[in-house]
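Reader: I'd like to practise reading helix packing and strand pairing. Could you walk me through a case?

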Number of protein chains: 2
Amino acid sequence: MSDTSAPSAAADGVDHRMPTIRDIAERAGVATSTVSRALSNPQRVNARTRERIEKIAAELNYVPSTQARGLSSGRTGAIAVLVPDVTNPFYFDIIRGTQNQLKAAGYTQLLVDTEEATDVELDALRRLRRTSDGIILAASRLTDAQLAEVAGRQPLVTINRATADAPTVLIDTPGAMVQALEHLASLGHTKVTYVGGPTSSWSTHRRWQAIQEAASRRNIEVTRIGPYAPKTLSGAAAADAALGTGATAFIAFNDLIAIGMLQRFRERGVRVPEDVSIVGCDDIFGADFCNPPLTTISSPIEQAGRTAVSMLLAQLDPLHGGTPRKLAVMPTYLQVRASTGPAKKA
Amino acid sequence: MSDTSAPSAAADGVDHRMPTIRDIAERAGVATSTVSRALSNPQRVNARTRERIEKIAAELNYVPSTQARGLSSGRTGAIAVLVPDVTNPFYFDIIRGTQNQLKAAGYTQLLVDTEEATDVELDALRRLRRTSDGIILAASRLTDAQLAEVAGRQPLVTINRATADAPTVLIDTPGAMVQALEHLASLGHTKVTYVGGPTSSWSTHRRWQAIQEAASRRNIEVTRIGPYAPKTLSGAAAADAALGTGATAFIAFNDLIAIGMLQRFRERGVRVPEDVSIVGCDDIFGADFCNPPLTTISSPIEQAGRTAVSMLLAQLDPLHGGTPRKLAVMPTYLQVRASTGPAKKA
DNA sequence: AACACACCGGCAAGCGATTGCCAAAAGTTG
DNA sequence: CAACTTTTGGCAATCGCTTGCCGGTGTGTT
């Protein structure tokens with residue numbers, strides 16, 4: 001870097017200073033306030049003036065400064081999306097959903113990976129207070145109290161984590177657990193093990209509860225192992241432990257664990273579904289082409305992301321958004337593939 | 001703004017207005033400039049004063065306004081990462097790599113999905129000019145001229161797209177193509193088809209070139225089909241077309257296509273690797289557990305992301321960053337799994 | 001013809017930080 | 001102890017845009 005100097009005009013003769021509304025105002029012979037309004041509040045200004053301004057803005061290749069806009073208006077135009085792990089395919093779809101919807105609404109998405117850690121989540125939330133207009137919090141690890149405090153400070157929507165203090169998008173995996181159990185029961189399984197996720201995960205508790213209830217109404221004995229980290233690598237340990245329970249069918253916290261188990265069973269020579277059956281959860285990328293293809297709980301994840309955005313936007317702009325819903329439940333269903341089969345005769 | 005006066009407390013008794021350096025300055029009995037310096041230029045201020053200020057800032061739970069900071073300093077503290085498709089697992093790893101490294105350096109990551117479209121990419125780039133301090137552009141679809149212009153306007157690092165105008169991180173997939181070809185040759189394959197990616201992809205051309213060169217030096221006949229969109233869904237069409245070439249082995253533009261082909265072959269009763277062999281590229285999530293597990297080209301993708309960040313940061317701050325490298329090439333190797341086998345006797 | 005009322009554009013005060021410049025205080029030196 | 005240098009903190013101007021308030025025009029209503 002030898003240049004960077006010169007009286008604001010670069011050595012190549014081109015003025016690299018970004019144009020501001022002031023430049024536009026001068027060229028158009030109006031006040032900056034008029035330019036501002038023409039550009040962000042079109043109906044507030046005469047059509048002819050507006051067109052002239054727009055034309056000049058285009059010529060100058062004007063791009064408004066988000067910074068300045070945010071500073072004076074109090075709005076940042078950004079929505080933060082916090083997920084526990086960006087590399088978990090489940091969140092990909094959420095991210096894509098929010099991304100689409102936010103872009104459509106003219107917002108910028110701030111993606112934050114909270115690394116499955118409460119303190120990272122809290123810290124991010126803290127500094128995001130100034131940086132974003134609202135937060136979408138997926139699979140939060142926070143306590144109810146913490147969540148309430150966050151919700152009190154800024155618009156918030158949670159995904160897969162119910163709280164009275166903020167609108168929530170729930171994916172009805174517990175409901176599908178019942179389907180899964182019925183499916184397994186009809187295949188003759190009587191002993192089922194639930195392979196649990198992280199202790200701090202709200203979802204894993206809900207699912208376990210749903211399973212217990214459903215099992216008690218049928219003739220099924222359920223046990224639980226875990227917690228396991230939601231990664232394929234945890235699958236090996238989970239598979240080994242699962243085998244120790246004597247159950248013939250396993251319902252995993254999510255597909256990542258289920259796929260990991262699949263791999264481990266293969267290593268150990270345990271056949272799926274001949275020897276044991278496995279049900280996953282989320283129907284992520286890969287669930288359809290793993291070996292064997294995974295029976296799992298499927299849901300419109302991407303839509304969950306879109307719905308979360310809608311709910312948040314409705315909060316930000318109560319007029320436009322209609323009555324803000326406090327809760328949306330995404331339907332789920334059991335996607336039966338090849339990882340479940342008749343129970344092996346004892 | 002109705003109040004701003006009085007004890008400026010909200011109805012619930014809690015003051016919801018965010019604290020500013022001014023609040024801190026008043027409490028500490030110093031000027032705002034001192035607070036500013038204490039917080040972002042510590043050695044510029046007496047240790048005792050600084051400690052006092054820091055203490056008050058902590059008590060007030062002060063968070064600086066990125067907006068204001070950016071406006072006055074000219075830096076935004078954000079780096080944009082543009083990828084063609086956030087749901088492509090290949091980019092997951094890039095994203096995770098940049099995310100980590102950026103966070104460590106105190107930057108915010110702005111993730112943008114360019115939807116594999118040039119105009120979306122250009123538009124994003126345009127508005128990002130004001131919003132970010134620098135850009136990481138993965139697998140850009142832009143022309144050299146467009147790229148040069150972007151690079152002239154703001155710090156830029158490209159991934160998998162060489163250009164003289166900006167530092168680049170390359171993943172040496174072409175190099176690995178040679179390995180792949182040798183692997184196939186040693187298995188007795190003499191006719192190989194390359195299943196190409198999007199026309200606008202720079203990588204697909206490089207790979208095809210490498211393949212042609214390597215093939216001409218051996219006794220292998222290569223053909224090319226495509227373009228195909230880099231999604232599993234394109235795999236079906238690709239598989240059908242591939243079969244039509246009469247080749248016994250296929251090298252796919254990426255794992256997504258390869259996995260899609262795998263599925264299609266299964267549907268059609270074509271056995272892999274007994275009837276045909278497939279090599280993928282990228283070693284994405286899923287390549288190891290699909291059926292059969294995919295022989296593919298593996299590389300430290302996450303590190304590519306991290307390296308890109310380092311190179312960009314070095315550009316932003318030439319002093320600290322040492323001599324900025326202009327090019328980094330990530331090593332690759334062939335990961336042999338079960339989708340390749342001996343050529344079928346004709 | 002008189003009055004009310006949009007409509008439209010300008011003025012100017014911020015928004016919350018950073019930073020160049022300056023002066024008072026403190027520390028050094030011969 | 002005078003002359004200097006270095007520290008340290010304050011002043012005030014910006015950064016680029018938004019927005020409340022105001023007044024001058026044009027249009028519509030009695």
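Author: Let's take two helix pairs and a strand, keeping in mind that this is a predicted model.

Reader: At what angle do α10(A) and α11(A) pack?

Author: Start with the axes, then look at who touches whom. Helix α10 (residues 234-244) of chain A packs on helix α11 (residues 255-268) of chain A at about 65°, and their axes are 7 Å apart. Angles of 65 to 115 degrees count as roughly perpendicular, so α10(A) is roughly perpendicular to α11(A). The crossing of α10(A) past α11(A) is right-handed.

Reader: Which residues make the contact?

Author: From α10(A), they include A:G235, A:A239 and A:L243, and from α11(A), A:G260, A:M261 and A:F265 are among them. By class, the α10(A)–α11(A) contact has eight nonpolar, two polar and three charged residues.

Reader: And how do α1(B) and α2(B) cross?

Author: Same recipe. Helix α1 (residues 21-28) of chain B and helix α2 (residues 32-40) of chain B cross at roughly 105°, with axes coming within 8 Å, so these two are roughly perpendicular as well. On the α1(B) side you'll find B:I21, B:R22, B:I24 and B:A25, which meet B:T32, B:V35, B:S36 and B:L39 of α2(B). That contact divides into five nonpolar, two polar and one charged residues.

Reader: Now the strand: is β6(A) largely enclosed or open?

Author: For a strand, check burial and then partners. Strand β6 (residues 191-195) of chain A is largely enclosed by the rest of the structure, because four of its five residues are buried. β6(A) runs parallel to strand β7 (residues 221-225) of chain A, joined by five bridges. One to look up is A:Y194, whose bridge partner in β7(A) is A:R224.

Methods: Residues numbered from 1 in each chain as written. Chains lettered and ligands numbered in written order. Predicted model: local features only at pLDDT ≥ 70, side-chain atom pairs only at ≥ 80, totals over all residues. Heavy atoms only, no water. Axes fitted to C-alpha atoms, helices over the stretch in contact; angles between N-to-C directions. Parallel < 35°, antiparallel > 145°, perpendicular 65-115°, else oblique. Left-handed = near helix turned anticlockwise from the far one by under 90°. Contact = heavy atoms within 4.5 Å. Nonpolar A, V, L, I, M, F, W, Y, C, P; charged D, E, K, R; others polar. Buried < 20%, exposed > 50% of the residue type's maximum accessible area, 1.4 Å probe, protein only. Pairing = 2+ DSSP bridges.
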